[in-house]
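Trainee: I have a new model open and would like to test a few labels with you. Could we go through the reasons behind them?

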Amino acid sequence: MCMALAIYHEARGEPVEGQHAVGHVILNRVASVDYPSTVCDVVKQGRYWRHVPLRHQCQFSFWCDGKPEVIKDKQAFGSAVILSLGIMNNWIPDPTDGATHYHATWVNPHWTLTMTPTTRVKNHIFYRQ
């Protein structure tokens, strides 16, 4: 469910390839020694105070944006669940070429200076270390 929540909140407005890409970033992080070893731990990675995520200090912005994680579009969430199963079972190839990071096109994070861009899907640019 953690991957489905991330795809839903981070990429539901993106084409299916963009949703695949977000899911694969999560899996690529799970596979890396630099990140937690489970999907849920990757999705929830960030700074916490008293077991509460600090606002805007998480790896995936939806997790600590201060908004409740409410599923308003049940059809989009159902699609995210199905996509998650396909990604986690390796039925869907990685469109990011191993990316572990991404950002929206309207921001310019400092960490991009040390990363290699791999692809762009609509409103997101993907990078690997």
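Trainee: Where does Asp97 lie?

Mentor: Happy to help, and keep in mind that this is a predicted model. Asp97 sits in the loop between α4 and β3.

Trainee: Why is Asp97 called exposed?

Mentor: Exposed means over 50% relative accessible area. Asp97 has 52%, so the label applies. Asp97 also has a positive phi of about 55°, although it is not a glycine.

Trainee: What makes Asn90 count as exposed?

Mentor: The relative accessibility of Asn90 is 62%, and the cut-off is over 50%, so Asn90 is exposed. Asn90 is also in the loop between α4 and β3, and its phi, near 60°, is a positive value in a residue other than glycine.

Trainee: Which residues form the positive surface patch?

Mentor: Arg12, Arg55, Lys67 and Lys72 form it. Lys72 is placed in the loop between β2 (52-58) and α4 (74-88).

Trainee: How do you know that Lys72 is accessible enough for a patch?

Mentor: A patch residue needs over 30% relative accessible area. Lys72 has 75%, so it passes that cut-off, and it is exposed as well.

Trainee: What makes up the largest nonpolar core?

Mentor: It has 28 residues, and those with the most contacts inside it are Met3, Ile26, Val39, Val43, Phe60 and Phe126. At least two core residues come from each of α1 (2-11), α2 (16-31), α3 (39-43) and α4, with α1 giving the largest share, 7 residues.

Trainee: Why are those residues called buried?

Mentor: Membership of a nonpolar core requires being buried, which means under 20% relative accessible area.

Conventions
Residues numbered from 1 in each chain as written. Predicted model: local features only at pLDDT ≥ 70, side-chain atom pairs only at ≥ 80, totals over all residues. Heavy atoms only, no water. Patch = residues over 30% accessible without salt bridge, like charges linked within 9 Å, V, L, I, M, F, W, Y side chains within 5 Å. Areas by Shrake-Rupley, 256 points an atom, 1.4 Å probe, with all protein chains shown as cover. Salt bridge = Lys/Arg side-chain N within 4 Å of Asp/Glu carboxyl O. Lys, Arg positive; Asp, Glu negative; His and termini not counted. Charge placed at Lys NZ, Arg CZ, Asp CG, Glu CD. Helix = DSSP H or I, 4+ residues; strand = E, 2+ residues; numbered from the N terminus. Buried < 20%, exposed > 50% of the residue type's maximum accessible area, 1.4 Å probe, protein only. Core = buried A, V, L, I, M, F, W, Y, C linked by side-chain atoms within 4.5 Å.
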